[in-house]
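Welcome, and please open the model in your viewer. We will walk through it one selection at a time.

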Amino acid sequence: MSARPAARLRAAALAALCALAALGAAPGPLGPGPALAVQPDEMLDDPQLEARARALSKELRCLVCRNENIDDSNADLARDLRILVRERIKAGDSDEEVLRYLVDRYGEFVLLRPRFSLGNAALWLGGPAMLLLGGIAAWRFVRRAGRGGAEAGAAAPLTEEERARIARLLED
Amino acid sequence: MIVEIGHFALILAFMVSIVQATAPMIGASRGWADWMRVAEPAAALCWALTATSFAALTWAFVNSDFSVKLAAEHSNTLQPLLYRVTGVWGNHEGSLLLWTLILTLYGAMVAAFGGALPPTLKARTLAVQGLIGAAFFAFMLFTSNPFERLPNPPLDGADLNPLLQDPGLAFHPPFLYLGYVGLSMSYSFAVAALIEGRVDAAWARWVRPWTLAAWTALTVGIALGSYWAYYELGWGGWWFWDPVENASFMPWLAATALLHSAIVVEKRDTLKSWTILLAILAFTLSLMGTFIVRSGLLTSVHAFASDPTRGVFVLAMLAAASGGALALYAWRAPQLRAGGVFAPVSRESALVLNNLLLAAAAGVVLLGTLMPMIREYWDGARISVGAPFFELAFTPFMVALAIILPIGAALPWKRGRLGRTARRMAPALALALAAAALVWALQTGRSALGPVGVGLGTWLIAGALAEQLERARLGRAPAAETLRRLRNLPRADWGKALAHAGLGLSFIGVSAVTAWEAELIRTARPGDSLELSGYVFVFDDVRQVPGPNYVARQGVFRVFEGGVETARLTPEKRVYTVQRMPTTEAAIDMGLARDLYVVLGDPQDDGSWAVRIYVKPLVNWIWIGALVMALAGLVSLSDRRYRVGAAARRPAPAAVAGAAE
């Protein structure tokens, strides 16, 4: 199931890489050609359903593009996926069902916002964990600073050399 | 011939940078003054050689010397002069040459203007800078030589990628590199200080201007890139959380944190070891940005493995630069002693909180950017981390930052009272709440994003203003006295107020355009009129227009507001003749209140055209805010204390005993 998309992906990745190499550190998803994204003929008549389709499209990755959602992409595959999403919505699927349908067919790679799972725990919990651990460290630092000598405890005693210098300075 | 001179100059620059990296370092540890003094002429010479090399490559591009492989692949005789020049850095090899040019420029500037620096610190800083230079020169000479010749030069070149033929993007890389490479200065200073075993207020004062300059350039670079994406990519997005964007955003977050923590070191002689660590991390993130952009790791671990030479080289450089510095840090940092004592409620604590939030936010961006690669390498799972993740995981940190910022910035050093500062900020808070309430009432029932964003932005701007006015004793002193005080406030304080207000402007822009953007996508024929958000767009015509190196079909739209014609917009679909590459050029009517954004799509079978129209409220505030922040950096840089120079180190050396050998 995943062999063909993977091969296509690699080809597209190489193409994207060439564009990228030319681009230096410039931002922006650079599919080749103009960005035309969602087309008028694909859109649903019912504005409410269409709004749902647009919102879902922004959560889904154009599989052959570099980090582009299917709503923005002008690749053929993105168009196919946009139509597929609208077909599922017309068939009465809920948003969650549409996403599940696409994940079943294309794998989790299609989701731009990874689901919370064991494998993705580090991704989702990393930020809060950093904040928590950093917060504890910061709080301890601030507490110690309040008592004086934040970074290496109380002022360390002078060394012999420093004592000698002070003695010299005092004599002058 | 000229090209060979450029190549030769590059080789010489490599040699000189090796001398710059070694002799001053040995001299500083042995106390040999003449060895230390080598650093200055070496840094200047290294810059001169790199500039020669860069000039030679530019010559090859401008004169369309297609026997140079790089020029043949990225330039074209039809290309306008501007893009023949900017084409020099519109590719891998040339952008590396630009990188080293800026690196050596910073080195030469330290040599020229660092007169007040203690000789050993200056020698060591320049030596570390030389070491970075040597690594980059080696990278270029051995894996990415920009001067490679073609045995059979083509008659005409292959043209620069059309998307890059744009003034916004032409000047995006130089600014970005000024920022990236500027962070190498903070890094070199940090490593030199670790070797010296001495970090004090004077050190922080020397590092700060360089960090500030780097931060300012990075701010401009990111804003330019974002603006380019907005008008060039054709659907009016301004930030995509693309790994390449994140690669520039992470160093910016780290540099912002560093800027703030260095203030604490300078004013209060504490938070030293964290500041050193941040300086190392900020440059590591810059290098990592280069690495993930250059190595191919972005697209897939497999793409990286298929052509690993360059990637492995940058990875080795990254490992050496960060690993070496961190090892040195682990060894020396515990010996750094803090001076300042401060209470939990104080400016110091507020800045610690600022650093905590900025560092965690940078961490989230880093995790999101690297996680797809980590997962693929770890258990083979292919996941995507895109905008929806970052919007959810990153935004809370910025909201928290905006809430605490005006209070924290107004707290006194050492010991403050929250109630007292909050009372001083009460007018700003009232204004912010009023703005949020007004927006809430006006928009009736849409998402909370608009009111919250506008409220926070107003809070930031009014808070910055309130602090300055408070310091000028507005209302408590005669007006003349207030004016005199306002004039006499240090430039650095004006820089601070401006920067915070600029952030507020960006906040308002981001939330307004996200919450209230209107969009119309449909097919239309010439003669049709379309209505969106109170504007009527009359689609008049589609005509053929020739360009210098492309042909275009141009749509003509007239825009009416309340029956009055307010704009005439001509979006284009271009085909660049050499590369046969089609692009869309959106037409934008810019304004402070809103942008009108029209894109011409494909012709349909029935003779109509696909048309996309957007009304984007306050979108320009995003970049105006960024420019105000950059301006704030310049104002702050012009502060008297940097011009006068920090000649006198604190008399009592807070040195680590025995660390200087």
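Begin by selecting S64(B), which counts as partly exposed because it has 17 C-beta neighbours inside 10 Å. Here a residue is buried if 20 or more other C-beta atoms lie within 10 Å of its own, exposed if 12 or fewer, and partly exposed in between, with C-beta atoms placed from the backbone. S64(B) sits in the loop between α3 (39-62) and α4 (69-74) of chain B. Helices (H or I, at least four residues) and strands (E, at least two) are DSSP runs, numbered from the N terminus. Look at the backbone too: S64(B) is not a glycine, yet its phi is positive, about 50 degrees. Most residues other than glycine have a negative phi.

Two notes before moving on. This is a predicted model, in which local features need pLDDT of at least 70 and side-chain atom pairs count only at pLDDT 80 or more, while totals for chains, interfaces and linings use all residues. Residues are numbered from 1 along each chain as its sequence is written, and chains are lettered from A and ligands numbered from 1 in the order in which they are written.

**Stop 1: α3 and α7 of chain B**

Now select α3(B) together with helix α7 (residues 119-143) of chain B, which pack at an angle of about 35 degrees with their axes 10 Å apart. Axes are lines fitted to C-alpha atoms, for helices over the stretch in contact, and angles run from 0 to 180 degrees between N-to-C directions. To see the contact, show A39(B), A42(B), A43(B) and C46(B) on α3(B), then K122(B), A123(B), L126(B), A127(B), G130(B) and G133(B) on α7(B). Two residues are in contact if their C-beta atoms, placed from the backbone, lie within 7 Å. The crossing of α3(B) and α7(B) is left-handed; that is, the near helix is turned anticlockwise from the far one by less than a right angle, whereas clockwise would be right-handed.

**Stop 2: the domains of chain B**

Try colouring chain B by domain: domain 1 (1-165), domain 2 (197-335 + 345-413), domain 3 (425-514 + 622-642) and domain 4 (518-618). These bounds come from an automatic or database domain assignment. The C-alpha centres of domain 2 of chain B and domain 4 of chain B are 38 Å apart.

**Stop 3: α11 of chain B**

Is helix α11(B) enclosed or open? Of its 26 residues, 24 are buried, so α11(B) is largely enclosed by the rest of the structure. Helix α11 (residues 243-268) of chain B reaches 37 Å from its first C-alpha to its last, close to the 38 Å expected at 1.5 Å a residue. The expected span is 1.5 Å times one less than the number of residues.

Step on to D269(B), which follows α11(B) and lies in the loop between α11 and α12 (272-294) of chain B. D269(B) is not a glycine either, and has a positive phi of about 60 degrees. With 19 C-beta neighbours inside 10 Å, D269(B) counts as partly exposed.

**Stop 4: α18, α19 and α21 of chain B**

Select helix α18 (residues 426-443) of chain B and α19(B), whose axes are 8 Å apart at an angle of about 155 degrees. The two helices, α18(B) and α19(B), are therefore roughly antiparallel; angles under 35 degrees count as roughly parallel, over 145 as roughly antiparallel, 65 to 115 as roughly perpendicular and the rest as oblique. Their crossing is right-handed. Residues that meet here include W440(B) in α18(B) and W459(B) in α19(B).

Next, add helix α21 (residues 491-516) of chain B, which packs with α19 (residues 449-471) at about 165 degrees, the axes 8 Å apart. That makes α19(B) and α21(B) roughly antiparallel, and their crossing is left-handed.

**Stop 5: α22 of chain B**

Move to helix α22 (residues 620-637) of chain B, where 18 residues should span 26 Å at 1.5 Å a residue, and the end C-alpha atoms are indeed 26 Å apart. Its buried residues include W621(B), W623(B) and M629(B). What do the buried residues of α22(B) pack against? They pack against α10 (201-232), α21 and β9 (594-603) of chain B.

**Stop 6: chain A**

Finally, switch to chain A, which has six helices and zero strands. Of its 172 residues, 36% count as buried. Select D93(A), in the loop between α3 (76-90) and α4 (95-106) of chain A. D93(A) is partly exposed, with 17 other C-beta atoms within 10 Å. Leaving out residues up to four places away in sequence, D93(A) touches R88(A), V98(A) and Y101(A). For a last view, draw a C-alpha to C-alpha line from D93(A) to I166(A): they are 73 residues apart in sequence and 82 Å apart in space.
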